[in-house]
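Welcome, and please take a moment to turn the structure around before reading on. The paragraphs below will walk you through it step by step.

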Amino acid sequence: MFAFVVRRIAQAVFVMLVIGLIGFSIKQQIGDPVRDIVGVSVSVAEREALREQLGLNDPFLVQYGRFLKNALHGDLGHSFFFKKPCLDVILAKAPATIELVLVSSLMIVILSIPVGMYAAIYPRRWLSRIIMGMSIVGVSIPVFLTAILLIYLFSIQLNWLPSYGRGETVALWGWNSGFFTLDGLKHLILPSVALSSIMLPLFIRLIRSEMMEVLETEYVKFAWAKGLHRWRIWLLHAFKNTLLPVITVGGVQLGILIAFTILTETVFQWQGMGFMFLEAVERSDTSLLVAYIVFVGALFVVVNTVVDVIYGLVNPTVRITGRS
Amino acid sequence: MKHKWRRFQQSYVWYSFKRDPVAVASFSVLFFLIVIALLAPVIAPYNPYDMSVIDIMDAELPPSWMEEGSRDFIFGTDIQGRDLLSTMLYGMRLSVFIGCGAVLLQAFIGIVIGLISGYAGGKTDAILMRIADVQLSFSTLMVAIVISAIFQVAFGVGQYEQMAVPLLIIIIGVAEWPQYARTVRASVLGEKKKEYVEAARVIGLSPGRIMVGHILPNAISPVLVISTIQVANAVMSEAALSFMGLGMPVTKPSLGSLINSGFEYIFSGSWWITLFPGVLLVVFVLVINLLGDWLRDVMNPKLYKG
């Protein structure tokens, strides 16, 4: 187990180095720090002096090493537009995205488990057929379209819910939260519904197919033969083993969820990281763009590593096949 | 040719296709959509790229059955005064073209890497598959967004929009190859142990020839199965990128950028610019998904889960 964890962490570090390399080369190719700092009237000679002073004439690997060292110290460069360190900008925007992802994943978990189980236990009932039919329609609707339709229906036509922004937020130890005001919660409803709409059908289908497979196994048949109560069989015997593959897929899906926050946040003008990222692209704010890539990359790597390690704890065969 | 057609008619695929009304219906809808998309220049009432027929005074007209609608424009017009029906047809043509192009590219990259990975095995296999795993863990959409953002900043918006079609094909193709690589590798591993491969090796054929000429034809059917779903994915990715302003420009709209341009005007009540292209996109993706599901069940029930 120890060797497995070490190998997994080594791999995570390697992936982070590669992400850093990609980010750094983008900065090298596209961004010009001198242009970011000085105005138009500065002469070529002064620019050259500044270049030397900033160490921009050093060999590539030396600069990359410096970039990594700075990144490890939490310095991801300066945003051209915000005139602030990139990490500060990202951290200021992160709570909005995290709250959105949190609420959406909660909704996905709460809804997909019972619905998926129902569809697996009674695959022939008409309700299950409707669920499966709806789920394939749900997979086919792009998340931004769902978001737009929700806005049109609930904000413009019915005027029930606000259509954009985060509403009133409360600052809690530097964390701007929308959880504690009615206005903030109201603003959360539509974006989180839109965000979960893409993942919910996938999870329902996944849980259903896994659960159906488990229900066919010998030990479940044996449990029926023993005359156990059906809820005991469904929950304790079948569902527990359904969870294993769902956990692994769940880790990967989190990445997809973060990608979709970019879309959702654009539609709802949600002041999170995704919205900031697209704005950075529009303003050619290379430093911020690179900082976002490195930050989100680190987030992915950490989550995936943790999920893998948990999976290795729960399922020993993963550790053994990895060794080969 | 005639012989092959008869064999196809007697095959299990054709038999289960005929017996499945959902498959027949979705195939007909897909066929119809692709035909009208390809024939867009012929059947569309207007040419949305021809600036001389566009009148800005016609902008934002509602569909013809509504009170202010004009009979010249069945589904109304968009913000630039283009006939929405024609623009949708041209947009779908672009989406289909980009989707298919991207799938061809990802299939090519994926098949090459999958073949090498499965056939060579050992360290090569481990490294290539780790790369695929890592890229998949970042999710294909995220990779596509990041690559297109980098391209856009690197080239500048103007130049990016001019080269949008080939760039989008490359972006989506590069973002989604791991799916193919994994599938191909899995079936290569199954084929590699078989006797005909050993026989080919004994007569001294080169590894390249064995991979392409002998293993690939036997490993290709799962590739065809995932291709249907991959086309739907590629069309969705293209729409998402265009919606974010990282894809097709408004002057040459695909379905995604049409929805995007309509979204800015939805607050003033012009719902049709968003809704009609949206419905078209959903129907298109839905029928491909339904067909893909059916194909997966028929060809190989144990291919993958989800």
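Helix H13 of chain B passes helix H14 of chain B in a left-handed crossing. In this predicted model, H13(B) covers residues 255-263 and H14(B) covers residues 272-299, and the two pack at an angle of about 155° with their axes 8 Å apart. An angle over 145 degrees counts as roughly antiparallel, and H13(B) and H14(B) are therefore roughly antiparallel to each other. On the side of H13(B), the contact is made by Leu255(B), Leu258(B), Ile259(B), Ser261(B), Gly262(B) and Phe263(B). H14(B) contributes Ile273(B), Thr274(B), Pro277(B), Gly278(B), Leu280(B) and Leu281(B). Sorted by class, this contact of H13(B) with H14(B) holds 8 nonpolar residues, 4 polar ones and no charged ones.

One of those residues, Leu258(B) of H13(B), leads us to another part of the chain. Leu258(B) is in contact with Thr87(B), a residue that lies in helix H5 of chain B. Is Thr87(B) buried or exposed? A residue counts as buried if 20 or more other C-beta atoms lie within 10 Å of its own; Thr87(B) has 27 of them within that distance and is therefore buried. Leaving aside neighbours within four places in sequence, the contacts of Thr87(B) are Pro48(B), Asp78(B), Arg82(B), Pro253(B) and Leu258(B). You can also look for Tyr49(B): Thr87(B) and Tyr49(B) are 38 residues apart in sequence, while their C-alpha atoms are 8.7 Å apart in space.

Stay with H5(B) a little longer, and find helix H3 of chain B, residues 21-38. The axes of H3(B) and H5(B) come within 8 Å and cross at roughly 105°. Angles of 65 to 115 degrees count as roughly perpendicular, so H3(B) and H5(B) are roughly perpendicular to each other. Here H3(B) brings Leu33(B), Ile34(B), Ile36(B), Ala37(B) and Leu38(B), and H5(B) brings Leu89(B), Met92(B), Arg93(B) and Val96(B). This contact of H3(B) with H5(B) counts 8 nonpolar residues, no polar residues and 1 charged residue.

Now step back to see chain B as a whole. It has 14 helices and 0 strands, so to speak a chain that reads α-α-α-α-α-α-α-α-α-α-α-α-α-α along its sequence. The C-alpha trace of chain B spans about 75 × 50 × 30 Å along its principal axes. Of its 306 residues, 45% count as buried. Among contacts in chain B between residues at least 6 apart in sequence, 69% join residues at least 24 apart.

Chain A is the partner to look at next. There are 13 helices and 2 strands in chain A, and buried residues make up 36% of its 324 residues. Among contacts in chain A between residues at least 6 apart in sequence, 70% join residues at least 24 apart.

How do the two chains touch? The contact involves 35 residues of chain B and 36 residues of chain A. On the side of chain B that touches chain A, helices H6 (122-137), H7 (140-155), H12 (221-243), H13 and H14 of chain B each supply at least two residues. That side of chain B divides into 26 nonpolar, 7 polar and 2 charged residues.

Which helix of chain B helps to cover the buried residues of H11(A)? Helix H11 of chain A, residues 273-282, is mostly covered, with 8 of its 10 residues buried. These are Met273(A), Gly274(A), Phe275(A), Met276(A), Phe277(A), Leu278(A), Ala280(A) and Val281(A). Their cover includes H7 of chain B, together with helix H5 (86-121), helix H10 (230-268) and helix H12 (286-314) of chain A. Just after H11(A), Ser284(A) takes a positive phi of about 50°.

Finally, a word on confidence. The model scores ipTM 0.80 and pTM 0.83. Chain B averages a pLDDT of 82, and 91% of its residues score at least 70. Among the elements of chain B, helix H1 (residues 2-9) has the lowest mean pLDDT, 77, and H5(B) the highest, 89. For chain A the mean pLDDT is 80, with 90% of the residues reaching 70 or more. Confidence in chain A is lowest in helix H13 of chain A (residues 316-323), at a mean of 59, and highest in helix H6 of chain A (residues 126-140), at 87.

Terms used:
Residues are numbered from 1 along each chain as its sequence is written. Chains are lettered from A and ligands numbered from 1 in the order in which they are written. This is a predicted model: local features need pLDDT of at least 70, side-chain atom pairs count only at pLDDT 80 or more; totals for chains, interfaces and linings use all residues. pLDDT is the predictor's confidence in each residue, from 0 to 100. Helices (H or I, at least four residues) and strands (E, at least two) are DSSP runs, numbered from the N terminus. Axes are lines fitted to C-alpha atoms, for helices over the stretch in contact, and angles run from 0 to 180 degrees between N-to-C directions. Angles under 35 degrees count as roughly parallel, over 145 as roughly antiparallel, 65 to 115 as roughly perpendicular and the rest as oblique. A crossing is left-handed if the near helix is turned anticlockwise from the far one by less than a right angle, and right-handed if clockwise. Two residues are in contact if their C-beta atoms, placed from the backbone, lie within 7 Å. Ala, Val, Leu, Ile, Met, Phe, Trp, Tyr, Cys and Pro count as nonpolar, Asp, Glu, Lys and Arg as charged, and the others, Gly among them, as polar. A residue is buried if 20 or more other C-beta atoms lie within 10 Å of its own, exposed if 12 or fewer, and partly exposed in between; C-beta atoms are placed from the backbone.
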